[in-house]
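Thanks for coming. I will go through one protein chain, beginning with its interior and ending with a few backbone details.

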Amino acid sequence: KAVGEVIEQHGTEKVGVNLIARTAGVNKVLIYRYFESVDGLMEQYVKSGEYTSTMADDYIDNMTLVPPDERRKALTGLMQTFLTDLRERKATRDLLRWEIGTGKSMLSDARNQIATRIVDKVGELPDFKDTSALMAFLTAGIYYMTIATDYREKMIDVDLHTDEGWKRIENVIERIIATIA
């Protein structure tokens, strides 16, 4: 939780063992003992689900296997929840920017493991045998557009600072998933 607080208040540029330890009220030796480094702590932050609700172990563990006729709806809801999470969590967007900027793959690796568990629960879409690639494509678009919100007002004519603009994006996600066959 201290990692999220530091990112939220100071951005990823200030993430360091000293500030995290001070925020958590623990000795920094404990961070090194249990996480080895800031990178290990960041990886655990991603795995904890503080990063985004759809990536939390509890969220995935509580998902039931989805029958084939409900998979499109389940995947649509999942992607829309993910989009909402990223819109609301500046710390998560900052973490994604940090990851891209540093080129560290451990966070991607952790997310990929979690996403694989989600695909296992949702299952392949009927008559479409590459649901993982579809999720990767939609996720990348969601990442980019939510990160862009911090720097620009519009993408083409979609206002990234209004609920109306984001509703347009949600509708497109729904239509893409609904029409895949």
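Let me start inside. The largest nonpolar core holds 30 residues, and the ones touching the most other members are L75, I118 and I177. Four elements give two or more residues to this core: α6, covering 71–88, α8, covering 106–122, α9, covering 131–148, and α10, covering 163–179. Helix α9 supplies the largest share, eight residues. There is also a second, separate core of 19 residues, and V17, I31, M42 and L95 are among them.

I should say that this is a predicted model.

Now the overall layout. The protein chain has ten helices and two strands. Reading from the N terminus, the order of elements is α-α-α-α-α-α-α-α-α-β-β-α, so the two strands come just before the final helix.

On to dimensions. The C-alpha trace spans about 55 × 35 × 25 Å along its principal axes. What radius of gyration does the protein chain have, and what would a compact globule have? The chain has 18 Å, and a compact globule of 181 residues would be near 16 Å, which agrees.

As for burial, 45% of the 181 residues count as buried. Of the contacts with a separation of 6 or more, 63% are between residues 24 or more positions apart.

Next, the surface. The accessible surface comes to about 10000 Å², and carbon and sulfur atoms account for 51% of that. The side chains include 24 positive and 29 negative ones, and the centres of these two sets lie 3 Å apart.

Let me turn to the start of the chain. Helix α1 covers residues 2–10, and its buried residues are A2, V3, G4, V6 and I7. In general, an α-helix has 3.6 residues a turn, so residues three or four places apart point the same way. After α1 comes G11, with a positive phi near 85°.

Which residues have a positive phi although they are not glycines? One is D127, at about 60°. D127 sits in the loop between α8 and α9. Its side of the story on burial is simple: D127 is exposed, with a relative accessible area of 64%.

Another is I156, with a positive phi of about 55°. The loop that holds I156 runs between β1, residues 154–155, and β2, residues 158–159. Is I156 buried or exposed? I156 is exposed, at a relative accessible area of 80%.

That is the end of my part.

Key: Residues numbered from 1 in each chain as written. Predicted model: local features only at pLDDT ≥ 70, side-chain atom pairs only at ≥ 80, totals over all residues. Heavy atoms only, no water. Rg over C-alpha atoms; globule rule 2.2 N^0.38 Å. Buried < 20%, exposed > 50% of the residue type's maximum accessible area, 1.4 Å probe, protein only. Contact = heavy atoms within 4.5 Å. Areas by Shrake-Rupley, 256 points an atom, 1.4 Å probe, with all protein chains shown as cover. Lys, Arg positive; Asp, Glu negative; His and termini not counted. Charge placed at Lys NZ, Arg CZ, Asp CG, Glu CD. Core = buried A, V, L, I, M, F, W, Y, C linked by side-chain atoms within 4.5 Å.
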